[in-house]
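Thanks for sharing this one. Here are some notes to read alongside the model.

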Amino acid sequence: MLRCEQICRRFQGPGGTLTALDQISFAADRGDFVVIQGPSGSGKTTLLLTLGGLLRPDHGVVRVDGQDLYALPQAARCRFRAQTLGFVFQLFHLVPYLSVLDNVLAGLPGSVDGAARRRAADLLEELGLAARSAHRPSALSAGERQRTALARALVKKPAIILADEPTGNLDPDNASAVFRRLDAFRREGGVVVAVTHGHDADPHATHTLRLQQGRLAELLPVP
Amino acid sequence: MTLLTTLLKELRHHAVQAALAVLGLAVAVALLTAVRMTSAAAERETRRVMRDLGFNLRIVARETEPDRFWRLGYSEFTLPESSVQRLAAQHGVFLTFNHLTPTLERPFPAAGGEALLTGLGPSVIGPGEKKQPMGFVIPSGQLFLGATVAQRLGADRGGTVTLSNRVFTVARVLTESGTPDDIRIFAALSDAQALLGLPGRISEIQAVDCLCLTSEQDVLAHLRTALAEALPEARVIQVRHLADARARQRQMAERYAAFSVPLAVGAAALWIGALMMLNVRERRAEIGLWRALGRSSWAIAALFLGRAALLGVFGALAGAVIGTGMAMAWGPKLFPVTAGALAPDPQLILWTLLGTPLVAAAAALTPALLAVAQDPAETLRTD
């Protein structure tokens with residue numbers, strides 16, 4: 001399903017060249033929950049953005065269902081991302097001027113029909129946000145914002161969800177709720193790749209990747 | 001959710017920034033509208049003032065001696081009255097001459113003294129033009145009297161005067177002007193021809209030059225060339241100080257319009273461009289998010305171009321109302337002579353409503369391209 005081969009990514013900075021990713025390879029199939037762990041600056045987010053088609057690697061290939069993501073023209077890659085990938089960010093990245101419901105609907109590619117609206121409303125209900133659907137993000141707590149972002153990622157029924165520190169700003173209860181929902185998505189046949197530097201996701205992980213200074217230090221299939 | 005709904009929600013969210021953008025555009029549109037409306041009023045006013053200054057071209061018979069012409073104030077030679085029609089029929093003549101007015105002028109005895117009898121025929125203007133006649137329009141059987149001659153004849157407005165046994169009504173007594181007009185008796189051309197025994201003859205064609213060139217631009221050479229083709233038996237004399245004043249006034253009005261319009265448009269474009277740049281900077285994370293959600297470059301550019309165009313619509317609406325209001329409120333005080341002609345200009349409003357969103361969108365092009373070119377990874381990376 002998701003396969004990356006020999007990914008390398010370097011950045012030029014004032015202090016010289018920084019190697020963010022160095023020869024990273026791994027694969028995930030339907031039903032996998034891959035947790036990427038490592039200290040700050042180890043390249044976790046860079047890897048996630050590369051998997052999401054948002055950051056072209058200097059070297060290596062990212063394939064989804066056999067398709068080389070970066071061999072696609074930019075417009076096709078945008079369409080691919082819109083249809084196949086869901087993102088959840090640590091800083092939520094909700095559109096501040098849209099309501100909770102509109103933020104969830106913004107996750108859908110193309111026009112929004114009645115079925116999509118019903119699905120969005122159902123997700124908000126399931127995530128305990130039904131009463132907040134008309135509110136703006138500024139009126140929500142951190143947990144509610146992240147659950148809104150999760151609903152936005154889920155509404156289009158993606159094949160893969162890429163989550164960057166999804167519980168980094170949440171209390172334990174909210175963090176647990178987010179991972180439980182991601183785990184449910186995985187059980188429905190989706191792939192989850194979650195970056196975290198804590199251990200909240202460990203109970204749900206099927207694989208754990210440990211990054212150290214851009215290198216894959218450890219790849220652990222969880223029994 | 002449509003693009004328009006998204007744009008309206010974003011504008012409401014960034015209300016202060018949007019209000020500043022609308023304000024800037026509205027001020028520019030208001031100035032533009034007011035300047036265009038008052039420029040048109042100034043042109044009307046100038047035309048009226050220039051018309052009141054009188055004709056600046058005198059076309060006389062070629063045999064006319066300049067020294068006698070200037071000493072007497074009229075040509076002793078005559079042209080057939082049909083010369084006016086011949087001149088008017090010449091192709092392109094109205095690009096050079098206009099308000100062709102057949103005139104017959106001769107000394108005429110009046111109350112023991114001598115007046116100047118001036119017969120004026122109907123002016124001929126360019127085809128399709130709706131210009132007001134420049135000189136007096138005097139019906140047959142009526143006279144306009146200069147102040148001195150009226151006093152000498154003891155004539156008042158509405159009274160009668162007998163000239164060569166013919167009774168005329170005094171339709172108007174002119175205010176003392178300190179010019180030869182004070183001793184003129186203005187009559188219809190046909191009446192003057194009858195009184196002077198010169199039927200079908202005129203002493204000159206009075207006209208206005210349309211070239212609006214100043215004396216430094218050798219206008220006489222142009223006029224003489226044009227006349228030589230149309231009426232070779234005549235010569236043209238230019239009353240240069242009037243022609244220069246008219247030309248300078250018109251050129252000044254054109255320069256003013258040529259300067260003010262691009263200035264207002266440029267200032268508005270800079271203002272909206274700067275605010276849009278600010279908007280793009282503020283929304284970097286949002287742009288990154290739209291990218292992550294799979295929005296195309298066009299969809300992202302549309303967020304900013306559409307925003308600018310929408311602000312342009314609001315600015316144009318507000319500016320057109322304010323500018324028209326300003327021109328209607330202050331225009332009559334600035335241009336009292338033609339105040340009645342001041343009116344909202346639907347064509348100008350329509351062009352403003354169409355043009356402002358386009359200018360605003362064009363000004364937002366660079367910020368929109370920057371938004372499109374922005375690397376989403378830069379704003380989405382937290383590691």
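**Notes on strands and cores**

1. In strand β6 of chain A (residues 85-88), Leu85(A) and Phe87(A) point one way, Gly86(A) and Val88(A) the other, and all are buried (20 or more other C-beta atoms within 10 Å of the residue's own, C-beta atoms being placed from the backbone; strands are DSSP E runs of at least two residues, helices H or I runs of at least four, numbered from the N terminus). Such alternation between the two faces of the sheet is what a regular strand shows.

2. A word on the source: this is a predicted model, where local features need pLDDT of at least 70 and side-chain atom pairs count only at pLDDT 80 or more, while totals for chains, interfaces and linings use all residues. Residues are numbered from 1 along each chain as its sequence is written, with chains lettered from A and ligands numbered from 1 in the order in which they are written.

3. β6(A) pairs in the parallel sense with strand β7 of chain A (residues 160-164) over four bridges; pairing takes at least two DSSP bridges. Val88(A) has Ala163(A) in β7(A) as its bridge partner.

4. Chain B has an open sheet of nine strands, ordered β6-β7-β5-β8-β4-β3-β10-β1-β11, with mixed pairing. Its β6 (160-163) and β11 (234-238) stand at the edges with a single partner strand each, so one side of each has no neighbour in the sheet.

5. Within chain B, strands β4 (residues 113-120) and β8 (residues 184-188) run parallel, joined by five bridges. Thr118(B) stands opposite Phe186(B) in β8(B).

Terms used. A residue is buried if 20 or more other C-beta atoms lie within 10 Å of its own, exposed if 12 or fewer, and partly exposed in between; C-beta atoms are placed from the backbone.
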